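User: Could you take a close look at one part of this structure with me? I would like to see how a single charged side chain sits in its surroundings, and then how that part fits into the whole.

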Amino acid sequence: MSDSFSVLNGPQRNHFAALLAMMEECIAEIEMLSAAHGSDAAARTRLTLLEDDLPAGFVENVEPVLAQLRVDLLALSTRLGLETRRMSRAHSIQALASSEIVRIEDSYSPTLHGYGAVHEDAAKVIDPALNRLHAGFVAIRALLRRR
């Protein structure tokens, strides 16, 4: 078999580095969702309630599958000669805040027409609240610029 470093070009290596890292994050998310009666993430949210609706035996049965997935991910990463992906916390927070800003901007009352008729008071209720939320995420981004 060919050398692990020669099977992928640069862009392909970047693709697999990101793909495998996202799969690893997915495994971590599944582990969090499988945790008994919620997790730290569930305890920090008030607008989402995680239903305790996993089938009987799911947690016990999914654990070895997730463990094997981790082994397989690491094996493929090693075989492809991928290095540990380094991720900037600042860039990650910047991206998260920017994503929320875009979602907010897509949700102002004038854009709601795509979902049907808009109540005449919607702008008075929704837009000021969205402005405050928007300002909060903009403030998070501004804090990152203080480096």
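Analyst: Let's go straight to Asp127, which is buried and yet has no salt bridge. In this predicted model, the nearest side chain of opposite charge is that of Arg132, and it is 11 Å away. A salt bridge here needs a side-chain nitrogen within 4 Å of a carboxyl oxygen, so Arg132 cannot count as a partner for Asp127 at that distance.

Where does Asp127 sit in the chain? You will find Asp127 in helix 5, which covers residues 122-144. Setting aside neighbours within four places in sequence, Asp127 is in contact with Tyr108, Ser109, Pro110 and Ala122.

Now compare a charged residue that does have a partner. Lys124 forms a salt bridge with Asp121, at 3.2 Å from N to O. Lys124 is exposed, because its relative accessible area is 63%. Asp121 has 30% relative accessibility, so Asp121 counts as partly exposed. Asp127, by contrast, is buried.

Stay in helix 5 a little longer and look for Ile140. With a relative accessible area of 33%, Ile140 is partly exposed. Which residues does Ile140 touch, once neighbours within four places in sequence are left aside? They are Ile93 and Ala97. Ile140 and Ala97 are 43 residues apart in sequence, while their C-alpha atoms are 6.9 Å apart in space.

That pair also leads nicely to the chain as a whole. Among contacts between residues at least 6 apart in sequence, 73% join residues at least 24 apart. The protein chain has 5 helices and 0 strands, so reading from the N terminus gives the order α-α-α-α-α.

Let's return to charges, since the structure holds 4 salt bridges. One of them joins the side chains of Glu25 and Arg85, at 3.9 Å from N to O. This pair links distant parts of the chain: Glu25 belongs to helix 1, whereas Arg85 lies in the loop between helix 3 and helix 4, with their positions 60 residues apart in the numbering. Glu25 is partly exposed, with a relative accessible area of 43%, and Arg85 is partly exposed too, at 40%.

Another salt bridge joins Glu100 and Arg103, at 2.3 Å from N to O. These two residues are 3 residues apart in helix 4, which means that about one helical turn separates them. Glu100 has a relative accessible area of 27%, so Glu100 is partly exposed.

What about nonpolar residues? In soluble globular proteins, nonpolar side chains tend to be buried together. Here the largest nonpolar core has 8 residues: Leu8, Leu20, Ile27, Val62, Leu66, Leu73, Leu80 and Leu82. Helix 1 (10-34) and helix 3 (58-79) each supply at least two residues of this core, and helix 3 gives the most, with 3 residues. You can follow Leu66 as an example: not counting residues up to four places away in sequence, Leu66 touches Ile27, Ile30 and Glu31.

Finally, step back to the surface. Of the 147 residues in the protein chain, 18% are buried, and Asp127 is one of the buried residues. The chain exposes about 11,300 Å², and carbon and sulfur atoms supply 60% of that area.

Methods:
Residues are numbered from 1 along each chain as its sequence is written. This is a predicted model: local features need pLDDT of at least 70, side-chain atom pairs count only at pLDDT 80 or more; totals for chains, interfaces and linings use all residues. Side-chain values use heavy atoms; hydrogens and water are left out. Helices (H or I, at least four residues) and strands (E, at least two) are DSSP runs, numbered from the N terminus. Buried means under 20% relative accessible area, exposed over 50%, partly exposed in between (1.4 Å probe, protein chains only). Lys and Arg count as positive and Asp and Glu as negative; His and the chain ends are not counted. Contact means heavy atoms within 4.5 Å. A nonpolar core is a set of buried Ala, Val, Leu, Ile, Met, Phe, Trp, Tyr and Cys residues joined through side-chain atoms within 4.5 Å. Accessible areas come from the Shrake-Rupley method with a 1.4 Å probe; for residues, only the protein chains shown count as cover.
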